[in-house]
Amino acid sequence: MMRKLTTIEQLIDGNITYRLTLDGSLSIERLRAALDRVQRKHPALRMLLREESDGLYYALDAAGPVPLRVAICTSEQVLAGEIAREEAAAFAPDEPLLRVAWLRTGRGGVLLITTVHRICDGMSILTLARELLAATHRETPLLP
């Protein structure tokens, strides 16, 4: 099923990246499970953008799992480079409209949550970040 983007959605083309600095460790398995839970809950995170002859469309329930990239950052320079890389990367047509990078450091790390501004504004990315962190602390899986 597809839905054509509105005029305003066609005009908005940019990403939002939310940075969370975390102390301590974060289990990759728990983070992956939390991402899956949040994606199931929010229909916009299960969409892909498709370009058709008459404009852009959302392909509903077409996205695979939210991409999760993990990098070990051994210095502040490496960390800054990884942040710049993430913030500059465009979304490919075949990837979900949300991605996460866990940049691990000796003290913890930086969790970068990046989304397409078409589906997520400043307040909604804060909500996603809160839901994601809360889901990493749940002991048992809950239904969305």
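Which residue in β6 does R69 stand opposite? I looked this one up to get started, and A101 is the partner in β6. A reminder to myself before going on: this is a predicted model.

**Entry: β5 and its surroundings**

I stayed with the strand that holds R69. β5 covers residues 68–72, and I sorted its residues by face: R69 and A71 sit on the covered face, while L68, V70 and I72 are on the uncovered one. Next I checked the pairing with β6. The two strands run parallel and are joined by 5 bridges. I then followed the chain through helix α3, residues 76–88, and noted that β5, α3 and β6 make a β-α-β unit of the right-handed kind.

**Entry: the cores**

How many residues does the largest nonpolar core have? I get 30. Y58, L97, V100, L111, I113, I119 and L132 have the most contacts inside that core. I wanted to know where its residues come from, and the elements that supply at least two each are β2 (15–23), α2 (28–41), β4 (55–59), β6 (98–104), β7 (108–116) and α4 (122–136). Of these, α4 gives the most, with 5 residues. There is also a second core, separate from that one, with 8 residues. Its members include A71, L79, V110 and L112, so I am back at A71 from the covered face of β5. My general note here is that nonpolar side chains tend to be buried together in soluble globular proteins.

I picked V100 for a closer look. Setting aside neighbours within four places in sequence, I found V100 in contact with L35, V66, P67, L68, R69, L111, L112, I113 and L132. R69 turns up again in that list.

**Entry: T114**

Is T114 buried or exposed? The residue lies in strand β7, and its relative accessible area is 1%, so I put T114 down as buried, the cut-off being under 20%. I then looked for a polar partner and found T17: the two side chains are joined by a polar contact of 3.0 Å. Not counting residues up to four places away in sequence, T114 touches N15, I16, T17, E86, F91, L97, L98 and R99.

**Entry: C120**

C120 is in the loop between β7 and α4. I had it down as a loop residue to check for burial, and at 3% relative accessibility C120 counts as buried. Outside the residues up to four places away in sequence, C120 touches I16, T115, I125 and L128. I16 is a residue I had already met among the contacts of T114. I also took a distance to G81, which is 39 residues away along the chain: the C-alpha atoms of C120 and G81 are separated by 25 Å.

**Entry: the three-stranded sheet**

What is the strand order in the open sheet of 3 strands? I read β1-β4-β3, with antiparallel pairing. β1 (2–4) and β3 (48–52) are the edge strands, each pairing on one side only. From one strand to the next the twist averages 35°. I went into the β3 and β4 pair in detail: they run antiparallel, with 5 bridges between them, and E51 stands opposite L56 in β4.

**Entry: D61**

Last stop, the loop between β4 and β5, where D61 is found. D61 is not a glycine, yet its phi is positive, at about 55°. I checked accessibility too: the value is 55%, so D61 counts as exposed.

Conventions: Residues are numbered from 1 along each chain as its sequence is written. This is a predicted model: local features need pLDDT of at least 70, side-chain atom pairs count only at pLDDT 80 or more; totals for chains, interfaces and linings use all residues. Side-chain values use heavy atoms; hydrogens and water are left out. A nonpolar core is a set of buried Ala, Val, Leu, Ile, Met, Phe, Trp, Tyr and Cys residues joined through side-chain atoms within 4.5 Å. Buried means under 20% relative accessible area, exposed over 50%, partly exposed in between (1.4 Å probe, protein chains only). Helices (H or I, at least four residues) and strands (E, at least two) are DSSP runs, numbered from the N terminus. Contact means heavy atoms within 4.5 Å. Two strands pair if DSSP finds at least two bridges between them. A crossover is right-handed if, with the strands pointing away from the viewer, the path from the first strand over the helix to the second runs clockwise. A polar contact is a pair of N or O atoms within 3.5 Å; within protein, one must be able to donate a hydrogen and the other to accept it, and residues adjacent in sequence count only if both atoms are side-chain atoms. Axes are lines fitted to C-alpha atoms, for helices over the stretch in contact, and angles run from 0 to 180 degrees between N-to-C directions.
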